[in-house]
Structure formats: C-alpha cells, structure tokens
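Colleague: I would like to go through a protein model with you and ask, term by term, how each label was reached. Could you set a value beside the rule each time, so that a beginner can follow the reasoning?

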Amino acid sequence: MTSVQMSAKDEMVEQFLDYASRGDLAKVSTMISHSSQLLNESGRQGWTALMLAARNGHFDVIKALLLNGCNKYLANKSGQTAYDIAKFWGHRHIARFLASNGDVTLPGILPSNKSTETETYFSKEYLNRMSDKRTDSEWLSAKQSSPETVFIVFHNLDPFVTTEPEERNDIQPQLKLYRFGGDSVKEVLENSDTVVVFLGVEKQEASPSSLVSNKDGLIAWFALNTKKNPTESLKVTASNSFFLTNPMPMLLMLNEDEAGIVAEARSVLAWHSRYSFCPTCGGKTKVDEGGYKRTCLTDGCRSLQGIHNTCYPRVDPVVIMLVLHPDGNRCLLGRKKSFPQGMFSCLAGFIEPGETIENAVRREVLEESGVTIGPVQYVSSQPWPMPSSLMIGCFAVALSTDIKVDKNEIEDARWFTRQEVIDALVKGNQAVFSMPPRQAIAHYLVKHWIEDSTPCVYDWVSYKRLEMLSQMNGSLYLCPLEATAAFQNVHNRSHSFVCVHASSLWQLCAELSVTQKELGTEGYDCDCGSSAFTFKWSTTMPQMASG
Ligand SMILES: NC(=O)c1ccc[n+]([C@@H]2O[C@H](COP(=O)([O-])OP(=O)(O)OC[C@H]3O[C@@H](n4cnc5c(N)ncnc54)[C@H](O)[C@@H]3O)[C@@H](O)[C@H]2O)c1
Ligand SMILES: [Mg+2]
Ligand SMILES: [Mg+2]
Ligand SMILES: [Mg+2]
Ligand SMILES: [Zn+2]
C-alpha cells in the first residue's frame, strides 16, 4: 500500500468517526453502505465509532452501527468498551441498550461485574434451617437433650450476649451471643412461659464417621424467650455477659454470622409475643412445629380447616429505594423527624396488599417526595428483625425532578450530588449530611451506586488495572469505596493513595514483589468496617503499569 492510499483510508476513517461522534445518522449510514469495514475501525486511543457515539449519547447512531454488525465488545486503549463509556458519561439508556442487546447478561442499571446476591447485614445464613425436621418431634426432643446443642436466650426479645475482646487488638471488642448448653438452661426450659424455637443446624459437610454412627453429627440451635427475667436460673460462666437492651442500635454490633441468627430468632420470637391468641377466634393457641406454628385450641375454629397464614410467622415487606436523578449523577435522599440530626436516608415504605415491588416504589416515592419514577431495578434485600420487616432494596430512575415533600411522612428530601454522597460515606461529620450506618441497607444501596461509577477519566486506567489485578487474584480485595475516594484525591492532585484490606495486603506485596515496608503502607480503618492499608500509588509499579 502506498503512503497516498494509506492516508486516503485514514482520512475516510477519520471522517466516519467524526460523523459518529457528532451523531450524523444519515452520513454514518451512507458510509457503512459503501464500506462496511469502517464499522470496527478505530482512531486515536483506540476509539471506535460506537464508542464515540456512546460518549456523546447518540442512540440512533448506536442502533444503526449494531444493526450493521459492529463489534460492541472492542475496548479502547484504556480498556473501556462502548458500554463502559456510555455508563460512565451517564447515558444510562444507551448503556442498558448495549448491555441487553445480544448475549451480555448485564441487568440494566446494575454494575457489570458484581453478583446481585445479598451481602447485607442480618442476611447471612449461618444455620441450615432444616424445616423438614420441624414436624419431627422425636428428633427435636432428642436434639434438645443432646450435649452439643446450642441454646441462645432472649428476655423480652433482648438476646443474652457477652463481650469478648478479639485477639487482634486493632479491632474493637465485639458482642457475641452467649452459647448455652442444655444443662445451663434446664430451669428456663421447664418454665411454661418460655417459648422455644428450633433455628436450624450448623452448616457442615456430613463426615463419613458421623453417618456410620447413630448420631447425625448435626449441631442444632434453639432460641428461647421468656417474659420474666431468667438471669437467676441461668448458669453463666463468663463474667461480662448481660441481656442486650436497646436493640437499635445495639444489635448492629454483632458479627455478621450472629446477626443472621438473631434476624431469624428475634423475628419468630417477636411473632410469638404479639400473636399469643388466635387471630381468627381469639382463643388460646399452642406452639407447634419447632416454634414455627401456633395452632388454635378452640374446637371448630376456622383456622383449623385448611391452611391459614394466621398460624405462621409473619413478615412485613418494605421497599427501600435509592432514587437516581435522570442525569445519573445525583440521588434523592430524605429524612424523618426521628432521624439523628443531619442524617438523610433512602425513601422507604411498606408494600400494601395487592401491590408489586415496582408499584410500591413508585407510589411511596410519589407520596413522600412528589417525584415520578420510571424504571425500577431490584438490588438486594435485608431481613430487619425490629420486629419482622423484609427490606427490599431497589434503584429507581426518576422521570421528574421537582420535589414536593409530604410533611406528614418526612421532614425533608433533597437531591445530593455524587461528590456529596462520597463525602458522607468517607468523611463522616465533615460532610454536608450523614448516612445511616453501614449495616443498614440504605447505606449499602448508596455505596453500591457510588462503587458502580468511577468519578473521573484520569483515574479510570489505574482503577481498571487494579480491578483486573484483584480479579486475577480472586481473593485480593481492593475496597472500591476507598478506591473511589482515593482516586478523587489523585484527580485533585493532592495525594495518591490506594487502599487494600489487611487480609489481602500480603498478596498484593507478592504480586508486586515488594515488601510491605517498601510499599510504605499505613494502617487505616476502612469505612466498610475492615482494617485496611493505604500506600502511595505509583505508575512505575512494574506489574500494575503493564496491567
Ligand atoms: N423511611 C426511611 O428512610 C427508612 C430508612 C430505613 C428503614 N426504614 C424502615 O422501613 C420501614 C418502613 O418505612 P416507613 O416507616 O417510611 O413506611 P411508610 O412510608 O409506609 O410509612 C409508615 C406508616 O405506614 C403505616 N403502615 C402501613 N403498613 C404498616 C406495617 N405493616 N407496619 C407498620 N406501619 C405500617 C403506618 O401508619 C406507618 O406510620 C420502617 O420500619 C422504617 O424503620 C425506613
Ligand atoms: Mg410512605
Ligand atoms: Mg416512608
Ligand atoms: Mg406507606
Ligand atoms: Zn381460633
């Protein structure tokens, strides 16, 4: 090929990219019809026509390019695909289109590489509920007298806990459920006022030896609740142990595994304490099925014919939503009078009978803030055992932006910018408002939204490389919240920090062939609750720079 031919082709590519970038659908279509090879050509920094159209929000050009067979998986020199670019620049409808059209399994407004499984506080399943055993009274009573069985005790729904300082002295002492053996709760079990609930068995692989023996090797857990304070009849050996009054916020101090156990136990026990009489006839009831049923004792009661939901524990579904501004860069948060000063949270409300999750989101947002909602996307859920809610966390995209607050329900609602939200998550009381604690799903939703979007192009490359590195290593964990904040600082040229959790620091050092000292790390309490290290980011770091 001569240099004249080269430049003629280059010129044509340049022209094509320019039309795509400016959104000139007619010119783009004409050029494709003459030379379909243009579709995947790239110019400076590896940008294709699709990427440029995605950058500038030209939906019709994108549709035409894809219809003609353009490859949407190509990445530019920064590793961004057209999807990444559309999302980054806030063209969510285009990102959604690029994600949904074809075989990419990206849900509309969810992050591309994250699983949608719940990771919220109170949601961890430490026990296998083994609901089939609830009707096996022989098995249940054998488990109740087995020496391995664990009992946790509540008094008026407050769990009995103990404080145990962690071995690592950089972490605050945590509250732990006090695990009683059968002998220590004998008297409490004999008390007729005590409600007993079978929670499940510890999750484990059944070992061959336990299968051979008569015993199944399963460690069962039961929860007890009493109205009268049972402290005197309990055998307690630990010195610092007590009933944990004031569930909010004290229950948020348990470790994640135990929070999940308390979510189950407290909800079922709260149901027993509220539904001691038959809701159908007002008669007396008895506890059945390992504490998962109350059966009416009145002959002929309608609740005894067929299956009635009045006999089983109740759950109240609540929608809680992060409302996103149509520009993609702000979110709507509100505050109730009862909130601590300066705190704003996601809007929330009970689902009403005969309502879908999506319609409840639209109705509650409209009622409380006057904002109309278009697409709704489920993100994650959280059991909230005060007493028995199921928080259903969603993203909701606003169609209107004027706010009209319903003063009966909330005190204030405002649009907050991405930067204000990052400040609230990272800087605490130096920010313009404060967030609910990390254990609340409102916090999780907001963090999820922030993590999903890196704030500036300058940092994109570094972030992508670190992300790639963390994916290559599987368990290497770079906290995205910290990374987001750190890259803001890079952008502001103040300093450049990268944060890794303590548990994965050694892996990072191995990857870079440096010692921790050479990295110059500093200990840090990450906002996500982990202890972490920061170090100065340097583009000369060998393996990262080669990405
Ligand atoms: N609003 C928030 O910012 C927020 C944030 C996090 C968690 N939550 C929790 O979400 C739940 C629901 O939020 P909300 O209070 O804003 O709901 P909401 O907006 O539906 O308003 C609450 C009112 O709904 C009525 N209601 C209807 N069904 C109810 C039921 N099953 N139980 C109790 N009241 C019922 C009551 O009159 C109550 O005062 C609450 O438990 C709250 O603690 C709220
Ligand atoms: Mg409401
Ligand atoms: Mg509400
Ligand atoms: Mg409501
Ligand atoms: Zn009845």
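Modeller: What follows is a set of questions and answers on a predicted model.

Colleague: Let us begin with the zinc ion (ligand 5); which residues coordinate it?

Modeller: The zinc ion (ligand 5) is held by the SG atoms of Cys278, Cys281, Cys296 and Cys301, at 2.3 Å. A sulphur atom counts as a donor if it is within 2.8 Å of such a metal, and 2.3 Å meets that limit.

Colleague: What makes the arrangement around the zinc ion (ligand 5) tetrahedral?

Modeller: The 4 donor atoms subtend angles of 100 to 113° at the zinc ion (ligand 5). Four donors are called tetrahedral if all angles lie between 85 and 135 degrees, and the arrangement is therefore tetrahedral. For comparison, the ideal angle for four tetrahedral donors is 109.5 degrees.

Colleague: How are the donors of the zinc ion (ligand 5) spaced along the chain, and which parts does the pair Cys278 and Cys301 tie together?

Modeller: The donors follow the spacing C-x2-C-x14-C-x4-C. Cys278 lies in the loop between H11 and strand E8 (285-288), while Cys301 lies in the loop between E9 and strand E10 (316-324), so the pair ties together parts that are 23 residues apart in sequence.

Colleague: Why are Cys278 and Cys301 called buried?

Modeller: A residue is buried when its relative accessible area is under 20%. Cys278 has a value of 5%, and Cys301 also has a value of 5%, so each of them is called buried.

Colleague: Now to the magnesium ion (ligand 2); what coordinates it?

Modeller: The magnesium ion (ligand 2) has OE donors from Glu364, Glu368 and Glu409, with Glu409 listed twice, at 2.1 to 2.7 Å. Those distances fall within the 2.8 Å limit for a donor. Along the chain, the donors follow the spacing E-x3-E-x40-E. Glu368 lies in helix H12 and Glu409 in the loop between strand E14 (389-398) and strand E15 (412-417), so this pair ties together parts that are 41 residues apart in sequence.

Colleague: Which residue coordinates both the magnesium ion (ligand 2) and the magnesium ion (ligand 3)?

Modeller: Glu368 coordinates both, and the two ions are 3.3 Å apart.

Colleague: Are Glu368 and Glu409 buried or partly exposed, and how do you know that?

Modeller: Glu368 has a relative accessibility of 4%, which is under the 20% cut-off, so Glu368 counts as buried. Glu409 has 36%, which lies between the cut-offs of 20% and 50%, so Glu409 counts as partly exposed.

Colleague: What makes the peptide bonds before Pro249 and Pro387 worth pointing out?

Modeller: Met248 and Pro249 are joined by a cis peptide bond with omega of about 15°, and the bond from Met386 to Pro387 is also cis, with omega near 0°. Most peptide bonds are trans. Pro249 lies in helix H10 (residues 247-250), whereas Pro387 lies in the loop between strand E13 (373-384) and E14.

Colleague: What is the phi of Leu157 and of Asn246, and where are these residues found?

Modeller: Leu157 has a positive phi of about 75° although it is not a glycine, and Asn246 has a positive phi near 60°. Most residues other than glycine have a negative phi. Leu157 is found in the loop between strand E2 (150-155) and strand E3 (158-164), and Asn246 in the loop between strand E7 (241-243) and H10. Leu157 is at 11% relative accessibility, under the 20% cut-off, and therefore counts as buried. Asn246 is at 48%, between 20% and 50%, and therefore counts as partly exposed.

Colleague: To finish, what lines the largest cavity, and how is its lining classed?

Modeller: The largest cavity has about 60 Å³ of space, and its lining residues include Trp271, Tyr275, Cys278, Arg294 and Cys296. By class, the lining has 7 nonpolar, 4 polar and 1 charged residues. Arg counts as charged and Cys as nonpolar, so Arg294 belongs to the charged class and Cys278 to the nonpolar class. Strand E9 (residues 293-296) gives the most to this lining, with 3 residues.

Conventions: Residues are numbered from 1 along each chain as its sequence is written. Chains are lettered from A and ligands numbered from 1 in the order in which they are written. This is a predicted model: local features need pLDDT of at least 70, side-chain atom pairs count only at pLDDT 80 or more; totals for chains, interfaces and linings use all residues. Side-chain values use heavy atoms; hydrogens and water are left out. Donors are N, O and S atoms within 2.8 Å of the metal (3.2 Å for Na, K and Ca); water is not among the atoms, so sites may look incomplete. Helices (H or I, at least four residues) and strands (E, at least two) are DSSP runs, numbered from the N terminus. Buried means under 20% relative accessible area, exposed over 50%, partly exposed in between (1.4 Å probe, protein chains only). On a 1 Å grid over the protein atoms alone, a cavity is a set of points where a 1.4 Å probe fits but cannot get out, and a pocket is an open set with protein on both sides within 12 Å along at least five of seven lines; lining residues have an atom within 4 Å of a point. Grid points are joined across faces, edges and corners, and a volume is the space filled by probe spheres set on the points. Four donors count as tetrahedral if all angles lie between 85 and 135 degrees; four count as square planar and six as octahedral if opposite donors are over 155 degrees apart and all others between 65 and 115; anything else is irregular.
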